[in-house]
Structure formats: C-alpha cells, structure tokens
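I opened this entry to look up a few things in one structure. I wanted to know how far to trust the model, what lines one of its pockets, and where one histidine sits.

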Amino acid sequence: MRFHSLCRAGLLSLGLLLALPGHAELAPLEPAKRADIEQLMVTMNVANNMKAMSNAMMQSFVQSLRKGRSDLTAEQIREIGNTASEVFAENYNSFHELMVHLYHKHFSASDIQQLRSFYDTDIGQKLIAVTPALTQESFEVGSQWGQVLAPLVQQRVKERLAAQGVAL
C-alpha cells in the first residue's frame with residue numbers, strides 16, 4: 001500500500017537526520033548514559049506517548065482522506081488506520097533508537113539523572129499521566145487553529161504577491 005511506503009520512507013528520512021552535521025560531533029554514547037536514558041524513557045512512558053502521537057496523526061490523515069476521497073468506504077478507511085498502526089508498531093524500535101540519540105544530544109548524563117529524579121516526584125508522575133491526553137488535545141487544537149488561520153494566511157499571501165504583480 002502507498003501509505004505503508006510513505007511511512008517507511010519517513011522513518012528512513014528520520015534516520016538520515018542523525019547523519020547530518022551536529023549528530024556526528026556528539027561524544028560516543030556511554031552504556032551507563034544509554035541505560036539511564038532508556039530508564040527515563042520507560043518512566044516517561046515514551047512508547048504510549050508515541051502511540052498517542054501516531055493516533056493523532058492518523059486521525060488527521062483519515063479526516064483529510066475522507067474529505068478528498070469520498071469514494072473510500074468505512075471499511076477501507078478502517079483498513080488504512082489499521083495498516084498505519086501496524087507500521088508504527090513494527091517500527092517502534094527505530095523510533096526508540098532515534099529518541100535515545102535525541103536525549104543524548106540534548107542532555108548530559110547529569111541532566112538525565114535530574115530528569116529521572118523529577119519524574120519520580122508526584123508532579124512528574126502527573127505530567128507522565130497527562131502527557132498522552134495533552135499530546136492528543138494539542139494536536140487537535142493545533143489542527144483547528146491552523147484551519148482558522150489558513151484563510152487569513154492565503155489572503156495575506158495573495159495580497160502581498162498581488163502587490164508584486166503576481167496573481168494566485
């Protein structure tokens with residue numbers, strides 16, 4: 001299926017990002033820091049947050065599909081969602097590895113320890129508990145906000161280009 005290929009291409013593209021300048025300059029990831037990052041990711045429930053994020057992306061994708069492809073049946077739409085979920089699940093390990101390297105890039109070993117300490121507090125646990133809902137709702141709010149702003153952006157772009165003699 002075409003969507004399956006797009007997902008694989010996206011994951012490969014993300015992997016290639018690690019080869020860009022900035023990533024090569026990182027110190028090697030020591031086993032102890034890796035273990036701390038992985039424990040932090042477990043504590044933070046990164047796997048479930050990724051699922052929430054992918055579900056939000058899929059809902060948006062399905063809504064767009066329904067608008068643009070009214071010929072698709074409910075069963076076909078469901079199959080697309082199931083296939084995407086399958087692809088995300090099959091490729092979770094590559095996402096996990098990318099996240100480990102992002103934490104390594106942005107946080108020192110001491111930072112990781114401090115984050116682990118924070119997430120062991122009551123407020124840290126609350127943040128972990130509400131993050132999937134925050135992710136889902138943020139995606140929805142951002143999508144709605146973008147839909148509201150799209151006509152304004154289009155109008156302003158049209159006006160500015162028209163001032164330059166370009167008609168859209």
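My notes below take confidence, then a pocket, then a single residue.

Confidence. I am working with a predicted model. I looked up the mean pLDDT of the chain and found 83, with 85% of the residues at 70 or more. I then looked for weak stretches. Over residues 1-14 the pLDDT stays under 50, and I noted 13 contacts beyond four places in sequence for this stretch. Residues 16-21 also stay under 50, with five such contacts in the model.

Pocket. I turned to the second largest pocket and read off about 160 Å³ of space. Which helices each supply at least two residues of its lining? I found α3 (46-68), α5 (92-106) and α7 (122-163). Of these, α3 gives the most, with four residues. I listed some of the lining residues, among them M44, V46, M50, F95, Y103, Y119 and I128. Sorted by class, the lining has 10 nonpolar and two polar residues, and I found no charged ones.

H104. I located H104 in helix α5, a helix that also contributes to the pocket lining. Is H104 buried or exposed? I entered H104 as buried because its relative accessibility is 9%, and the cut-off for buried is under 20%. I next checked its neighbours, leaving out residues up to four places away in sequence, and found that H104 touches L26, A27, P28, L29, K33 and I37. With K33 there is also a polar contact, side chain to side chain, at 2.9 Å.

Methods:
Residues are numbered from 1 along each chain as its sequence is written. This is a predicted model: local features need pLDDT of at least 70, side-chain atom pairs count only at pLDDT 80 or more; totals for chains, interfaces and linings use all residues. Side-chain values use heavy atoms; hydrogens and water are left out. pLDDT is the predictor's confidence in each residue, from 0 to 100. Contact means heavy atoms within 4.5 Å. On a 1 Å grid over the protein atoms alone, a cavity is a set of points where a 1.4 Å probe fits but cannot get out, and a pocket is an open set with protein on both sides within 12 Å along at least five of seven lines; lining residues have an atom within 4 Å of a point. Grid points are joined across faces, edges and corners, and a volume is the space filled by probe spheres set on the points. Ala, Val, Leu, Ile, Met, Phe, Trp, Tyr, Cys and Pro count as nonpolar, Asp, Glu, Lys and Arg as charged, and the others, Gly among them, as polar. Buried means under 20% relative accessible area, exposed over 50%, partly exposed in between (1.4 Å probe, protein chains only). A polar contact is a pair of N or O atoms within 3.5 Å; within protein, one must be able to donate a hydrogen and the other to accept it, and residues adjacent in sequence count only if both atoms are side-chain atoms.
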